[in-house]
Amino acid sequence: MNVAVIGTGHVGLMTCVSMAAVGHRVVGCDADRGKIAQLSAGVLPIFEPGLAELLAEQTAAGRLSFVEETADAVADAEVVFICVGTPPRVDGEADLVAVESAAREVARHVRRSSIIVEKSTVPAGTAGRVRTVVRRELSGRAGEISVVSNPEFLREGRAVEDSLHPERILVGAEEAEAFATMREVYRPFTEAGALLIETDIATAELAKHACNAFLALKISFANALARMCERAGADVVSVTHVMGTDPRIGPDFLRAGLGYGGYCFPKDVQAFERLAARLGYAFPLLGEVARINEEAVEAAVEKLRDALWNLTDKRIALLGLAFKPETDDIRFSPALALAERLLAERASVVGFDPQAMANAKTEVPELELATDAYAACEGADCVVLCTEWPELLTLDLERLRSAVAYPVIFDARNALDADVLAAAGFEVLSMGRPHVAASPTERSAVGASRLERRGA
Ligand code: UGA
C-alpha cells in the first residue's frame, strides 16, 4: 500500500521504517527541512538502537523516501499517518497546533477515499476536531476522508523491536471501510501474531492516555513505597518483588528510583488530568502521581546532603544523563533535574552518558562533561548512578575506587549489587533500601567485578 507519514520524530520515524519493512511504499515528511535533508542523506537525528541499519535498508530497497512538501508526501497515499509533536502547554494541556495544521495540509492535498490516521498521543476528542478540519477543507468537493485513531505503544530505546513486533495494535474508527483498510495496513503484523484491538475513536484515544498514566502510577507507587521503606528500614526492591509475584499486580514498572522522565509520561499524566477536568471529572490521583515523581529527585538531593553534609563545592559525578538507557533523549530526564538541583546548591557536577552528552549540555550548560565514566568519577566526593545503561553496570571497581576522592556510591536506580560494591570498599546509598557500609575486608575476593544487582 502507499503510506505517507507526516512528522519524523520518534513515532513518525518508527512508523516510516516499520511500514516500509513489511513491504508498504512509504513517504515521510516533516516541517523541519533540515531533518528531511538529514534523513534523505541517511543521517539520523536521534539515537535509537538498530534504527540506522533499518533506515539504510529500507531506503536502499526503494520502499522509503523523504520529501519536504506535504502535498508531495500524500499525493499517492492511501493512508496518511499524522505523527507530529504534541508538546505540553504552560497550563499542562497538550498543544495541538501542529496536529491541526498537519490535518488541514493533508486534507488539501490527499486523494479522496484516503484515510487520515492520528498516531500522535492526543487527548480524547482530537479525532473529532481533525474530522471537522478535514470536512471544512473538503467542502464542495466530492468524496470522503475517514479519520482514524491509532495510538502508538513503542518505547524509546526498544523502538525498533516494538515497531517491528508490536504486541498490540489499537485502531479506533467509525466506518467499516476504515477498519478494513487499517486491517490491510497491519496485516503483516497481525499475521506475525500482533493482537489487533478495534474500538470507537474516543475509546482508542482515551486508552492510550490511560495506559501511560497507569504505568506512571505504578512507578510513583513504587517511589512512594521507597520513602516508606527508608523510614521503616525495609527494602523496596524486595517489597516490589513480592508485589510483582502476584499476577494481578505484575512485576513491571515497579522499579523505584529517580522517577520517570521522557517526553511521554510527564506530559501525558498532566494532560490526562487536564482532560479529566475539562470533561468535568476531578482526577487528583494523577496530580499525586506527578508530585511523588518530583519528590523522588528531592529525596535524592536529601540523601546526598545526608551523606556529604554541605553540598557546596562537593564534586558529584552523575553517571547516565538520558531519561532512560539506550537513548540520547534527555527530555524531562530525572538525571538532569538532579543536576540542576545540585548546581543550585553550588555543588560541582560532572556527568557522563554513552549517548546523551551533547543534548545534556544544551539543556544544562553549567554541567561539566567527562569523556568516560572513570574520568567523570575522578576526584568525586560521591558517584551517582542516574541512568542504568548496561555499560555503567559493569564498571571496573578497582579503577573506580582509585579514581574517586571518597568511595561513596549512590545507586539512584537500585540497579547495582550493594554487597559487591561494599566488598570493594564503597559505602552504598540506594533509593528505598538500607544504607550499606563499606566492608573492604572482603575486597580481595571481589576484584574487578560486575556491579549488577543479583536476584529480585
Ligand atoms: C512510554 C511507554 O512505556 C510506551 O508504551 C509509550 O508508547 C510511550 O511512553 C509513548 O507514549 O510514546 P518511554 O517513555 O519510551 O515509553 O519509556 P518507558 O520505558 O516507559 O520509561 C519511562 C520512564 O519511566 C523512564 O524514565 C524510566 O526510567 C522510568 N521507569 C520505568 C521507572 O522509573 N521505573 C520503572 O519501573 C519503569
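A residue counts as near a molecule or strand if one of its heavy atoms lies within 4 Å of it. Keep that cut-off in mind for the ligand, our first stop.

Before you click, note that this is a predicted model, where local features need pLDDT of at least 70 and side-chain atom pairs count only at pLDDT 80 or more, while totals for chains, interfaces and linings use all residues. Residues are numbered from 1 along each chain as its sequence is written, and side-chain values use heavy atoms, with hydrogens and water left out.

**Stop 1: the ligand**

Select the ligand and the 20 residues around it; L154, E156, K208, N212 and K324 come nearest. Now look for polar contacts, meaning pairs of N or O atoms within 3.5 Å (within protein, one must be able to donate a hydrogen and the other to accept it, and residues adjacent in sequence count only if both atoms are side-chain atoms). Zoom in on N212: an N or O atom in its side chain sits 2.7 Å from an oxygen atom of the ligand. At E156, a polar backbone atom is 2.7 Å from a ligand oxygen. E152 also joins in through its backbone, with an N or O atom 3.4 Å from an oxygen atom of the ligand. Taken alone, the ligand exposes 720 Å², and the protein buries 94% of that (accessible areas come from the Shrake-Rupley method with a 1.4 Å probe; for residues, only the protein chains shown count as cover).

Which elements give two or more residues to the shell around the ligand? Select α10 (201-232) and α12 (265-278); α10 gives the most, with 3 residues. Helices (H or I, at least four residues) and strands (E, at least two) are DSSP runs, numbered from the N terminus. Color the shell by class and you get 9 nonpolar, 3 polar and 8 charged residues. Here Ala, Val, Leu, Ile, Met, Phe, Trp, Tyr, Cys and Pro count as nonpolar, Asp, Glu, Lys and Arg as charged, and the others, Gly among them, as polar.

**Stop 2: strand β1**

Next, select residues 2-6, strand β1: 5 of its 5 residues are buried (under 20% relative accessible area; exposed is over 50%, partly exposed in between, with a 1.4 Å probe and protein chains only). N2, A4 and I6 point one way, V3 and V5 the other.

Two strands pair if DSSP finds at least two bridges between them. β1 pairs with β2 (residues 25-29) in the parallel sense over 5 bridges, and R25 in β2 is the bridge partner of N2. Add helix α1 (residues 10-21) and you have a right-handed β-α-β unit: with the strands pointing away from the viewer, the path from the first strand over the helix to the second runs clockwise. β1 also pairs with β4, parallel, over 4 bridges; there V3 stands opposite V79.

**Stop 3: strand β5**

From β4 (residues 79-82), 4 bridges lead to β5, running parallel, and F81 stands opposite V117. The chain gets across through helix α5 (residues 97-109), in another β-α-β crossover that is right-handed.

Are the two faces of β5 (residues 115-118) covered or open? Both are covered: I115 and V117 on one side, I116 and E118 on the other, are all buried. Beyond β5 comes β6 (residues 146-149), joined by 4 bridges and also parallel. Here E118 stands opposite S149.

**Last stop: G193**

Finish in the loop between α9 (187-191) and β8 (195-199), where you will find G193. G193 is exposed, with a relative accessible area of 59%.
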